[in-house]
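Biologist: I'm new to this one. Can you walk me through it?
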Amino acid sequence: MATETGGCLCGQLRYEFDRSAVVSAHHCHCSDCQKSTGSGKATIVLVPDSAVQSSGDIKTFTVEGSGGSHVTRCFCPHCGSPVLSFVEEMADLKFVKAGSLDDSSWVEIVSSFWQASARPWSPIAADVPAVPGNPEA
């Protein structure tokens with residue numbers, strides 16, 4: 001069992017999960033992810049909620065996402081680092097922000113979401129399948 005760990009910039013918020021529980025990893029180029037990251041995309045690792053253990057204070061902010069779902073973003077109330085998120089309609093699945101992992105070298109991106117809103121300065125990777133919006137369930 002490979003335990004993956006990560007957390008926020010100041011170290012107050014930490015999490016861990018068993019890497020074998022990972023479902024997949026993706027880039028999301030929706031306008032909400034762009035705003036929440038201050039970048040052209042969010043890179044997310046999908047992990048079942050039951051596999052993620054966290055410690056420290058977590059602050060949340062919920063919005064109606066680009067596709068109409070309710071997205072809750074979890075971040076450190078001390079330093080503001082985005083760490084996790086989830087779609088309330090699929091709350092049993094957490095989206096770990098890949099940049100918050102202590103070691104993200106193992107992450108393999110399998111697709112990109114929201115190709116339609118990708119910015120020219122942060123393009124979709126040519127070698128990764130992409131969908132125009134949210135993936136079909």
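Modeller: A pocket here is an open set of points on a 1 Å grid over the protein atoms alone, where a 1.4 Å probe fits, with protein on both sides within 12 Å along at least five of seven lines; lining residues have an atom within 4 Å of a point. A volume is the space filled by probe spheres set on the points, which are joined across faces, edges and corners. This is a predicted model: local features need pLDDT of at least 70, side-chain atom pairs count only at pLDDT 80 or more, and totals for chains, interfaces and linings use all residues. Residues are numbered from 1 along each chain as its sequence is written, and side-chain values use heavy atoms, with hydrogens and water left out.

Biologist: What volume does the largest pocket have?
Modeller: About 490 Å³. It is lined by 25 residues, and the closest to its centre are Val 87, Met 90, Phe 95, Asn 134 and Pro 135.

Biologist: Which strand gives the most to the lining of the largest pocket?
Modeller: Strand 9, with three residues. Strands are DSSP runs of E, at least two residues, numbered from the N terminus.

Biologist: Other topic. Lys 97: where does it lie?
Modeller: In strand 9. Lys 97 is buried (under 20% relative accessible area, 1.4 Å probe, protein chains only), yet has no salt bridge, meaning a side-chain nitrogen of Lys or Arg within 4 Å of a carboxyl oxygen of Asp or Glu. The nearest side chain of opposite charge, Asp 32, is 11 Å away.

Biologist: And Trp 114, what is its phi?
Modeller: Positive, about 60 degrees, although Trp 114 is not a glycine. Most residues other than glycine have a negative phi. Trp 114 is in the segment after strand 10 (111–113).

Notes. Helix = DSSP H or I, 4+ residues; strand = E, 2+ residues; numbered from the N terminus. Buried < 20%, exposed > 50% of the residue type's maximum accessible area, 1.4 Å probe, protein only. Lys, Arg positive; Asp, Glu negative; His and termini not counted.
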